[in-house]
Amino acid sequence: VANRAGVAVSAVSRTMNGRGYVAKEKKEAILNAVKELGYRPNPLSNSLKIRQTFQLCYFTVNIFNSFYMDSFNFMSEQAVKRGYSMFLLNHFNADQMRHLLMDGMILSNEADALEFQDVPGEQFYLPLVSTSFGLPVIKTRRIPYIDVDTYNAMELALDYLFKMGHHKIAYGTPYSAKNQVTVQSRNVAFENIMRPVYGKKLSDYILCTNRDTGKKNMYTQESFFEEGMNTADIFIQSGCDATGIVCFNDEFALGFMNRMIRMGYRVPEDISIVGIDGVSKRKYTSPLLTSVALNIKEQAYKGVDTLIDIIDGKRVSSVTSISPYLLEGESVKKL
């Protein structure tokens, strides 16, 4: 290119990288030469020179959960606006990770962040941010959180059911209180709000599949839809008299709804259902699922912005808080 344009190689480098001054006539000659020769810069070579790849990574093993795919799509959208691209990693290998071309990583939840912080080793620096859903009891040392208040999400779900005339409300969850690395704040919220209502009978309205046989780790695949179906079986077999149920998340709620309808129950005439997440997939259900949205877009955007700020050497908050909101659908009956 330099030979064709009759300029120094350094002038071509400054023009192609957009750094430094190049006279207008020289720049035009260089761009014409680039066009004539069909020259394309090698992105790997360029990234090694400037020590930046302009690639970000999102780590989640739960690629079949609509929530995480919605998050990834919004993250990719914001990354492009900021001059970056985003790729998805759903299998983790510490040795391989050291060779991946990326400037930083977003982790999909607080449990993964707790486990991940010690994996790369202190000698390997990688900017990290984690989305979270109710802050963990044990804080990470250096990973900022973009946190959605799931305690408040449960409050919103229960308040809506109360206003719709429901007083016997169940809670469907795959997680028991045992063997959990982090406290599930939506579980705590249900117990705190409903204990004065149920007293000693509280446990009768917490429908848990008790799938947990050990500590969840960052390699664990979740099957919330299946857990929701299993919980519907528990609901029917136990003879639970609840008129409404709040489900741990939307995938769980959709599995619960699917099984109930297959078993001959009507939604919302026989049982009202509220999910927590606000995933795009809920739009394709009938009836339309009522859900408390965890503000997926705002969390994804802030996650990307925070990570890029860290990469740029800026100071960031250790916790960024985001509020949920109700998305009214057709799955709750007014009594």
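Which residue follows H5, and what is the sign of its phi? H5 is followed by Gly83, and the phi of Gly83 is positive, near 85°. Helices (H or I, at least four residues) and strands (E, at least two) are DSSP runs, numbered from the N terminus.

The model is predicted, and for that reason local features need pLDDT of at least 70 and side-chain atom pairs count only at pLDDT 80 or more, whereas totals for chains, interfaces and linings use all residues. Residues are numbered from 1 along each chain as its sequence is written, and side-chain values use heavy atoms, with hydrogens and water left out.

The protein chain holds 12 helices and 12 strands. Of its 335 residues, 50% count as buried, where buried means under 20% relative accessible area, exposed over 50%, and partly exposed in between (1.4 Å probe, protein chains only). Where contacts (heavy atoms within 4.5 Å) join residues at least 6 apart in sequence, 72% of them join residues at least 24 apart.

One open sheet consists of 6 strands in the order S2-S1-S3-S4-S5-S11, and its pairing is parallel; two strands pair if DSSP finds at least two bridges between them. Strand S2 (85-89) and strand S11 (319-322) are at the edges with a single partner strand each, so one side of each has no neighbour in the sheet. From one strand to the next, the twist averages 20°, with axes taken as lines fitted to C-alpha atoms, for helices over the stretch in contact, and angles running from 0 to 180 degrees between N-to-C directions. Within this sheet, strand S4 (residues 128-132) and strand S5 (residues 145-148) pair in the parallel sense over 3 bridges, and Thr131 has Ile146 in S5 as its bridge partner.

Helix H5 (residues 66-81) lies across strand S1 (55-59), S2, strand S3 (104-107) and S4, and runs at about 155° to S2. The helix has 16 residues and reaches 23 Å from its first C-alpha to its last, close to the 22 Å expected at 1.5 Å a residue, the expected span being 1.5 Å times one less than the number of residues. Its buried residues include Phe67, Tyr68, Phe72 and Met75. At the N-terminal end of H5, Asn65 acts as a cap, with a side-chain oxygen 3.0 Å from the backbone nitrogen of Phe67.

The loops beside these strands also hold buried residues. Asn62 lies in the loop between S1 and H5 and is buried, with a relative accessible area of 4%; Asn62 and Glu222 are 160 residues apart in sequence, yet 6.2 Å apart in space, C-alpha to C-alpha. Asn90 is found in the loop between S2 and helix H6 (94-97) and counts as buried at 19% relative accessibility. Apart from neighbours within four places in sequence, Asn90 is in contact with Phe59, Thr60, Val61 and Ile63.

A further open sheet of 6 strands has the order S7-S6-S8-S9-S10-S12, with mixed pairing. Its edge strands are strand S7 (206-208) and strand S12 (325-327), each of which pairs on one side only, and the twist averages 25° from one strand to the next. S6 and S8 pair in the parallel sense over 4 bridges, and Tyr171 has Val246 in S8 as its bridge partner. H11 packs on this sheet, touching S6, S8, S9 and S10, and its direction makes about 155° with that of S9.

Helix H11 (residues 250-262) has 13 residues and reaches 18 Å from its first C-alpha to its last, close to the 18 Å expected at 1.5 Å a residue. Among its buried residues are Phe252, Leu254, Phe256 and Met257, and the cover over the buried residues of H11 includes H5 and helix H10 (224-238). Just after H11, Gly264 takes a positive phi of about 95°.

Some backbone features remain. Most residues other than glycine have a negative phi, and most peptide bonds are trans. A cis peptide bond joins Val267 and Pro268, with omega about 10°, and Pro268 lies in the loop between H11 and S9. Another cis peptide bond joins Ser286 and Pro287, with omega about 5°. Asp277, in strand S9, has a positive phi near 160° and is buried, with a relative accessible area of 4%.

Key: A polar contact is a pair of N or O atoms within 3.5 Å; within protein, one must be able to donate a hydrogen and the other to accept it, and residues adjacent in sequence count only if both atoms are side-chain atoms.
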